Amino acid sequence: MRELLELYTSFFKIGIMTFGGGMAMLPMLQAEVVENKHWATEDELLNYFAVGQCTPGIIAVNTATFVGFKEKKAIGALASTLGVVSPSIVIIMVIAAFMGNISEYPVVQNALWGIRLAACALIVSSIIKLFKSGVKDVFGLFMFLFAFMIAGVFGLSSVIVVISAIVFGNVYRIIKDKNKKKEETE
Amino acid sequence: MTYLYLIYEFIKTGLFAIGGGMATIPFLHEVALKYDWFNTADLVDMIAISESTPGPIGVNMATFAGFEAAGVGGAVVSTLALVFPSYIIIMIIAGMMEKFQKNTYVQNSFVGLRPAVVGLLTVASVAIFKVSFFTEAGKTLEQWIGYFDYKAFVVFALLLFGVMKLKKHPIIYIGIGAVAGIVLQTYF
């Protein structure tokens, strides 16, 4: 019960501190899930994001479900998923009921201008951390650049990147293993 | 009855919107046209508010649309309907990942996937950089240079220095950013 409450409150915190889309959640996830609670490693977080890219649903919710399931199966996944959506339900309802379009107030616009810059700084630091744990050799660097080119420069779907990454990963490892065996027999 | 329509529409959105919160917008636009819960102009306001409040944008949008359609009950029902497909699908995948973790092909796949995902996340972050550092979207290089917000870049550089050197919790920098934004944009 204590663990379920912990999952709920941790993801409640992540939900309430995330401004803007899934990318802004990355630094919060690293701080809470990887560094604070040790529920997942940096590598596992990348695995979750990989699956989240090609499955339906909101990436924040998918990651919450993943972490919760890993800790406490279905009931854990429920606790963390409810945790990540709870702040939205409360905050949005209060705004919708009483405040109208808050994004039209200058003070909100000005605060968001600064919040976005903080989010940028946090995202840069997060990507550097992920790059260190995810890109370990020349093949990794190739995959990183490949994904960046396909999705960023050519603007193609990330599903294509994910499928090619699976194929390339397997081909690379199989060739590497063969070469190793050859060296051993020679 | 409205509850049932909300459940149907948001399970559909949760099931087919692949790749983040912004992917829910086309579905919500369809909802706006199909029912008289809210119109397209309301939808634009809803996007602006969802982006300026905490929480995943897709979840914020679902809560908002549900509240407009059927009050507090509608908001709760829509949000739960939106996350329900992910909850089921991810649990199935997580279960399989545990089972097949030792499988060579699964391990090989992640050797390719992990660096590729870092690349995808880098691409995804470009969007937030564009709106943060440029006052408007330009069409030519000259226009982009003209729209560059130097003040924003200086604040960003200082925040980045803080993030890399001090290693405090992310929320601290979000708070500093908010205060800096209010002070700098109001008085300078």
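The following exchange between a trainee and a mentor concerns a predicted model with chains A and B.

Trainee: Which ipTM and pTM does the model score?
Mentor: Since this is a predicted model, its scores are a sensible place to begin. For chain B, 97% of the residues reach a pLDDT of 70 or more, and the mean is 88. The model as a whole scores ipTM 0.84 and pTM 0.85.

Trainee: What pattern does chain A follow when read along the sequence?
Mentor: Chain A has seven helices and zero strands, and its C-alpha atoms fill a box of roughly 75 × 45 × 25 Å along the principal axes. Of its 186 residues, 51% are buried, and among contacts between residues at least 6 apart in sequence, 57% join residues at least 24 apart. Read along the sequence, the pattern is α-α-α-α-α-α-α.

Trainee: Which element gives the most to the side of chain A that touches chain B?
Mentor: The contact takes 88 residues from chain A and 84 residues from chain B. The elements that give two or more residues to the chain A side are α1 (2-17), α2 (22-36), α3 (42-54), α4 (59-99), α5 (106-134), α6 (138-153) and α7 (158-185). The element that gives the most, with 22 residues, is α5(A).

Trainee: How many nonpolar, polar and charged residues has the side of chain A that touches chain B?
Mentor: The division by class applies to the side of chain A in a contact that takes 88 residues from that chain. On this side, the residues comprise 60 nonpolar, 24 polar and four charged.

Trainee: How many residues does the contact between the two domains of chain A take from each domain?
Mentor: The domain assignment of chain A gives domain 1 (2-134) and domain 2 (135-186), and their C-alpha centres lie 29 Å apart. The contact between them takes, from domain 1 and from domain 2 of chain A, five residues each.

Trainee: Which element gives the most to the side of domain 1 of chain A that touches domain 2 of chain A?
Mentor: On that side, α3 and α5 of chain A each supply at least two residues. The one that gives the most, with three residues, is α3(A).

Trainee: What separates the centres of domain 1 and domain 2 of chain B, taken over C-alpha atoms?
Mentor: For chain B, the domain assignment gives domain 1 (2-100) and domain 2 (111-187). Taken over C-alpha atoms, the centres of these two domains are separated by 27 Å.

Trainee: Which elements are included in what covers the buried residues of α7(A)?
Mentor: The 28 residues of α7(A) should span 40 Å at 1.5 Å a residue, which agrees with the 41 Å between its end C-alpha atoms. Its buried residues include A:S158, A:V161, A:V162, A:A165, A:I166, A:F168 and A:G169. Residues three or four places apart in an α-helix point the same way, because there are 3.6 residues a turn. What covers the buried residues of α7(A) includes α3 and α6 of chain A together with α5 (104-133) of chain B.

Trainee: At which residue does α5(B) bend?
Mentor: At 1.5 Å a residue, the 30 residues of α5(B) should span 44 Å, and the end C-alpha atoms are 44 Å apart, which agrees. Within that helix there is nevertheless a bend of about 25°, followed within four residues by a proline, B:P115, and the residue at which α5(B) bends is B:L113.

Trainee: Is A:F148 buried, partly exposed or exposed?
Mentor: A:F148 is found in helix α6 of chain A. Leaving aside neighbours within four places in sequence, A:F148 is in contact with B:G119, B:T122 and B:V123. A residue needs 20 or more other C-beta atoms within 10 Å to be buried; A:F148 has 19, so A:F148 is partly exposed.

Trainee: Where is A:H38, and is A:H38 buried or exposed?
Mentor: The C-alpha atom of A:H38 is separated by 29 Å from that of A:F148, 110 residues apart along the chain. Phi of A:H38 is near 55°, a positive value in a residue other than glycine, and most residues other than glycine have a negative phi. A:H38 lies in the loop between α2 and α3 of chain A, and because A:H38 has 8 C-beta neighbours inside 10 Å, A:H38 counts as exposed.

Trainee: Which loop of chain B holds B:K167?
Mentor: B:K167 is not a glycine, yet its phi is positive, about 55°. With 10 C-beta neighbours inside 10 Å, B:K167 counts as exposed. B:K167 is found in the loop between α7 (150-166) and α8 (170-187) of chain B.

Conventions. Residues numbered from 1 in each chain as written. Chains lettered and ligands numbered in written order. Predicted model: local features only at pLDDT ≥ 70, side-chain atom pairs only at ≥ 80, totals over all residues. Contact = placed C-beta atoms within 7 Å. Nonpolar A, V, L, I, M, F, W, Y, C, P; charged D, E, K, R; others polar. Domains from an automatic or database assignment. Expected span 1.5 Å × (residues − 1). Buried ≥ 20, exposed ≤ 12 C-beta atoms within 10 Å, placed from the backbone. Bend = angle between axes of the 7 residues up to and from the residue. pLDDT = per-residue confidence, 0-100.
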